Amino acid sequence: MLINYLIMNKFLPYLTSIFLGCTFIISITGVSNELFNSQYLSTIFGTCFASLIACIVSLLYQTNNDVRVSLLDIFILLFLFWYWININNVNSIYNIGYICLILLYCSIRYIPKIQYDVLYWCCIISSLILSIWGYLQQYNLLPSPNPNFSVTGPFYHPAFYGLTLSAYLCINFHIIKFHLRNQNQKLIYLFIEISCFIIGIPALILSESRTACIALVISIIIPYVIQYINNHTSKRIIIVILTSITFFILLIVSYTFKPISADGRLLIWKVSCKMIKDKPIAGHGKGGFEAKYLYYQADYLSNKGNDSEKYIAGNTHVAFNEVIKITVEHGILGLTIYATFIFILIKTKYRHTVYVLISQSILLLIFIQGLFSYPNIIFSIILIGTIALAVLARSAYHSQKYIKISQRYICIIIFVSVIPLFSLTYKRFLNYHSLYNDIQNTYKIKSYSNFNKYLCDLKGDNIFLLFYIGLMSKDKNYTEQLNYISILEKKYPTSSLIILKGDLLRKKTLLNEAEKMYKLAANMVPSLQQARGRLVFLYKEMGKQQEAYQLARELMSEKVKNYGFNTFKLHQKLKDEFPNIK
C-alpha cells in the first residue's frame, strides 16, 4: 500500500509533469532541421511527438475514480474541433498537429495530479533557450534561417520568435510577482527567475515584434487591474480610463515604429471587410481567407486603391486579426461562437490560485496577439494555450452538471487515439525527411517525376505543391502543369503562381488568356514588377507597340519596393528592347 501510494502520489505526478513540461522545450527547438520547409515543420513535429509521448505517460495512472467531464470541457473540445480542424484537408500536418493537441488536453484533464512547479521551471528553461538563441544570432554566432532578419530564434520569421518569447515571459512575470508577494521561495530560485525575465526583455525587443511587446504589457497589467477594480469599486471608472489611455498610447507608439507595416495591416482589414460584406452570415468557409483574399485585393487595388496602398500590398495569406479571419471564414455565426467561447471562459468561476491567474493571462495574451498577428498558426504558442485551457478546466467549480466517465474508458480512448496518431505523424515525418534528402540530390530536381511518390501523402501541403509545380516547368508538360495550378490557385493563390499560369498559356499561344493572368497577378501585388514586365513583352508579341512602350516607361521610372536580381534583369531587358527610354 505504501509503495502504491508513493508511486501514485509522488512519482507519477512528477514523471507526467516532466514529460508535459518537456513539450514546451521540444515545441521550440523542434526535432530535425533536415526537413522540407524545416522552420515550420520541425516545430510542428516536435509539438506532435512531445504531446503524444506525454499522453502515453499519462496512461500510467491507474485509479478507481471516475473522470468528471463538465459542460465546460465539452464546450472547449467542440470549439477546438470547430476552430482548428479543416475537414477539406484532413490529412494535412496542421490537422494532425491540432488533433495531437486536443488529445493532450484530454490527457491533462484525465491526470489526477500535476506538479505545476515542474511545468513552471520548464517554462523558465524554454524562455532562457529562446533568449540565448536570439543573442547568439544577433552576434552572428548562430545563423538565422531568414536572410532578411538577423534575429528569428529557431523560427523563420522574427514575429514567431517574439510572440513565443512573450508568452514565456508572461508566465515568468506572474510567478515572480507571486513569489515576491508570498515570500515563500528560496532566494536562489527567485534570483534565477528574475534574471531569466531580465535576460528575455532585450531579446524580445530584438525581435522587433510590436504585437508581442503590446500583448505582454497588457497581459501583465490587466489581471491586476481587474483585481484592483474588484477591491476598489469606487475607482473603477478612473482605472478603466487610465488603462484605455495606456492601451491607446501603446498603439500609437507601435504605429510610428513601423508605419508601413501598420498601413499594410489596415489595407488587409479594409479588403477583408469587403469579403465579410459579400458573405456575412456563413462566411467563405474554413480556409476561405487564404484562398480568396488575394483575388479581393486585386479587385480593390485595380478599382479603388491609391498609390500608397498599391506600394504596400503583398502576397498575403493571413488576416493579422483573428476576429476578422473568423468572420471572413465563418461569418456572423462563427463570430458569435468565438465570442460565446470567450464569454464562457470569463464567466466561469475558478479556484483562486496563481496557476489560474497565469492561464487567464496566457489566454489574454494570445487573444491580444490575435488582434494584430497570427498566433493561431504558431504551434509553440498553441501548445501553451491548450495547456492553459486544461488548467482552467481543472480549476473550475463544477457546480454545474457534469458527466461521470469511468477512468478505464478514458484510458482506452486515449490509447486507441495515440497509436494511429503516432503512426501517422511518424509516417509524415519520414515523408518530409525523404523529400528533403531527394532535394539534396540535384539530379532528381531535374524532373518532377522523381517526386511523384510524395503526391499522395503531401498533396495537402501548399508549399510542396508550389515546389512540385515549379519542377514541372522543366519537363514542359504544360497541360498537366495547368491542372495542378488550377487546383492550387483555388486554395492558395500567389502572384508568382498566376504569372506561371500566364507563362504556360502564352506558350500554348493563348495570348488573351495569358494577358488576363498577367493583369491579375499585377493587381494582386502591384509593387512587384515581374507581371507587368511579362505584359510588356506579351504586348510586343501581340503587336501592341504603344501599350508595350508606355508600360515599359512606367516600370523604368517608378520606385521599386524590393530591388532584387530579377528586377535588375528585367530592367536590363527593357533597356535593350526600348533603348529610347531613360
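Student: At what N to O separation do the side chains of R532 and E558 meet in a salt bridge?

Tutor: The model is predicted, with local features requiring pLDDT of at least 70 and side-chain atom pairs pLDDT 80 or more, whereas totals for chains, interfaces and linings use all residues. Residues are numbered from 1 along each chain as its sequence is written, and side-chain values use heavy atoms, without hydrogens and water. A salt bridge places a side-chain nitrogen of Lys or Arg within 4 Å of a carboxyl oxygen of Asp or Glu. R532 and E558 meet in such a bridge, with an N to O separation of 2.6 Å.

Student: Why does the pair R532 and E558 tie together parts that are apart in sequence, and how many residues apart are they?

Tutor: Helices are DSSP runs of H or I with at least four residues, numbered from the N terminus. R532 lies in helix 23 (residues 530–542) and E558 in the loop between helix 24 (545–557) and helix 25 (565–577), so the parts they tie together are apart in sequence by 26 residues.

Student: Does R532 count as buried or exposed?

Tutor: Buried means under 20% relative accessible area, exposed over 50%, and partly exposed in between (1.4 Å probe, protein chains only). Because its relative accessibility is 10%, R532 counts as buried.

Student: Which residue forms a salt bridge with K519?

Tutor: K519 lies in helix 22 (residues 511–524), and its partner lies in that helix too, four residues apart, about one turn. The closest N and O atoms are 3.2 Å apart, and the partner of K519 is E515.

Conventions: Helix = DSSP H or I, 4+ residues; strand = E, 2+ residues; numbered from the N terminus.
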